[in-house]
Amino acid sequence: MTPSPLAPGDGPGIFPSMTVTPFFHQAPSRRGALGGGVAAAMLLGMTRRLFAADVDVLVVGAGAAGLAACRELASLGLSFRLVEARGRIGGRAYTDRSLGAAFDAGAEIVHFADRNPWTGIARELGTALEPAEARSGGWQVHVEGRPLGVQARGRRWQAFRAMEARLSEVEASGVDMSLAEAVADFDPDLRDIARSGLLLVLGEDGERISVLDNQRLWSGPDLTTRDGYGALVAAWGRGVPVSLGVEVTAVDWSGGGVVATTAGGGIRARAAILTVPVGVLRSGGIAFTPALPEDTRSAIEGIGMGALTKIALRLEGDRFGLADSTTLMDATRSEAMTMIEMYPDGKPLAVAICGGDFARGLAAQGEAAVVDHLTGQLAAILGAEARKRVAAGKLASWWSDPFSRGAYSVCRPGRIEAREALARPVGGRLWFAGEATGGGGAMTVGGATLAGIDAARDCARRLKA
Ligand SMILES: Cc1cc2nc3c(=O)[nH]c(=O)nc-3n(C[C@H](O)[C@H](O)[C@H](O)COP(=O)(O)OP(=O)(O)OC[C@H]3O[C@@H](n4cnc5c(N)ncnc54)[C@H](O)[C@@H]3O)c2cc1C
């Protein structure tokens, strides 16, 4: 990659925000006097020349999308400044080592590997990928601590098959609805199971899932790496200059460029690519001046954030006779369905996933209570002895994380146009990019990466025009 002309960290490019006066602030009255496209183009050209930017493009957020955007901008010969609120890069792709054995607190699987850029990146970096199913040590489904009988397991499969058939019918009709609505006429027991069918995929409850958005998501081979997806993203991003611990709290795009506010001062750029999660935009974590256009605000409203949540336990001692990567499913309550992977790749861990309002409620209780809850679930399935085997625990609650405010984007029923609307540039100088604008690749690292590249190319085209 072409090195950025900017050095990592603060320095040139940061200066007190109070000194910043975008050009349009000085000449609002003249705009009314000018009419027609030619005049507007002249004015735009003039403001572009007069706006003194420190850098061509400010990129906000050093997750997969932001890193990919920066690499692309550099290869296209544009200067950039990448800022990241956290003290690390990778965003929601993060391999956590705090329990002494690594687990992916966020992204783990390289989805649709046949067209996912991370398949090639892993190869370049010498990271081995293998089919996700090859690592599975088998499945057990439990209700109230007891394994499900053959008949009950059959009923679950019947529910999931019926759900899939119904989703295909909705897709064929082209009329969007929520997952809950789509299965509303099922027998009550099948309906409850079907409503939870996407809970551990999207991290959201059936009422807030758009069927058409779900149906357009790309599928394909799922691969994983034993080293961690987060570690792979961090390794790829290592060469990209970034200012860590820099949170953007406001963006002024009223002038000929963009002025971002941070605690360390303002950053002036000709354009900005914002890769912060939709959850951050929805929460008002960044104030925009002027307010974003109705089209963009409506798009943000149309995309919610799921609450897929991971909880990891460090285990000690005897392994209950379980094979590496055995999956225990606690299906006692459909809305609280929890999948627990035991001893992933032989590591002394149990890593659980849950989602929706149940996960939101858990997250609100805090880490200690959540770890205790999961310990209780394990004890119900494996026996009271399990309590003694838990040495430590970790809650990865993206829902309560101020820099993500959710796991990933889920279109609201009837709002599948929102992803494309959010991806449309604002005022020729603001781009929103990330997993939420990833189209069929939405919700994934691969989709975020492609979206970051697309935004960088479009931005470069405009700036060079
Ligand atoms: C539990 C979980 C499991 C997942 N599993 C998978 C999986 O198996 N496979 C898969 O492909 N994907 C998975 N995902 C989704 C995947 O992690 C995301 O889609 C992807 O990482 C998003 O990348 P991004 O660049 O769009 O956003 P992010 O990675 O969130 O990057 C955005 C960055 O912006 C920063 N930021 C936020 N606000 C500000 C601010 N105001 N100023 C400066 N910086 C800011 C954030 O700190 C963050 O680093 C999972 C996610 C979760 C939470």
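Let's start with Pro290, which sits in the loop between strand E14 (287–289) and helix H13 (294–302). Keep in mind that we are looking at a predicted model. The peptide bond leading from Thr289 into Pro290 is cis, and its omega is near -10°. So much for omega; on to phi.

Two residues other than glycine have a place in my notes for their positive phi. Asp345 has a phi near 50°, and Met443 has a phi near 80°. Where is Met443? You'll find Met443 in the loop between strand E22 (430–432) and helix H18 (445–464). Met443 counts as buried, because its relative accessibility is 11%, and the cut-off for buried is under 20%.

Asp345 belongs to another loop, the one between strand E18 (338–342) and strand E19 (349–354). Asp345 also has a charged partner: its side chain meets that of Arg226 in a salt bridge, at 3.6 Å from N to O. This pair links distant parts of the chain, since Arg226 is in the loop between E9 and helix H11 (229–237), and the two residues are 119 apart. Is Arg226 buried or partly exposed? With a relative accessible area of 46%, Arg226 is partly exposed.

While we're on charges, let me stay with them for a moment. As a reminder, side chains of opposite charge can pair when their charged atoms come close. How many salt bridges does the structure hold? The count is 31.

Take Asp401 and Arg86, a salt bridge whose closest N and O atoms are 2.7 Å apart. Here, too, distant parts of the chain are linked: Asp401 is in the loop between strand E20 (390–396) and strand E21 (409–411), while Arg86 is in the loop between strand E2 (80–84) and strand E3 (95–96), and 315 residues separate them. Both Asp401 and Arg86 are buried.

Now put Asp187 and Arg155 beside that pair. Their closest N and O atoms are 3.6 Å apart. Asp187 is in the loop between helix H7 (179–182) and helix H8 (188–195), and Arg155 is in helix H6 (residues 150–173), so this salt bridge ties together parts that are 32 residues apart in sequence. Asp187 is partly exposed, at 44% relative accessibility. Arg155 is partly exposed as well, with a relative accessible area of 28%.

Back to Asp345 and Arg226 for a second, whose salt bridge came in at 3.6 Å. Beyond pairs like that, there is a network: Glu204, Asp205, Arg208, Asp357 and Arg360 are joined by salt bridges that share partners.

One of those network residues, Arg360, brings us to helix H14, residues 356–365, where Arg360 is among the buried residues. The others buried in H14 are Gly356, Phe358, Ala359, Leu362 and Ala363. And what follows H14? Right after the helix comes Gly366, with a positive phi near 90°.

Last stop, a sheet. Strands of a sheet pair through backbone hydrogen bonds, either parallel or antiparallel. This one is an open sheet of three strands in the order E5-E9-E6, and the pairing is antiparallel. Strand E5 (109–110) and strand E6 (130–131) are the edges, each pairing on one side only. Between E5 and strand E9 (residues 223–224) there are two bridges. If you'd like a residue to click on, try Ile109, which stands opposite Thr224 in E9.

That's my tour, and I'm happy to take questions!

Definitions and conventions. Residues numbered from 1 in each chain as written. Predicted model: local features only at pLDDT ≥ 70, side-chain atom pairs only at ≥ 80, totals over all residues. Heavy atoms only, no water. Helix = DSSP H or I, 4+ residues; strand = E, 2+ residues; numbered from the N terminus. Buried < 20%, exposed > 50% of the residue type's maximum accessible area, 1.4 Å probe, protein only. Pairing = 2+ DSSP bridges. Salt bridge = Lys/Arg side-chain N within 4 Å of Asp/Glu carboxyl O.
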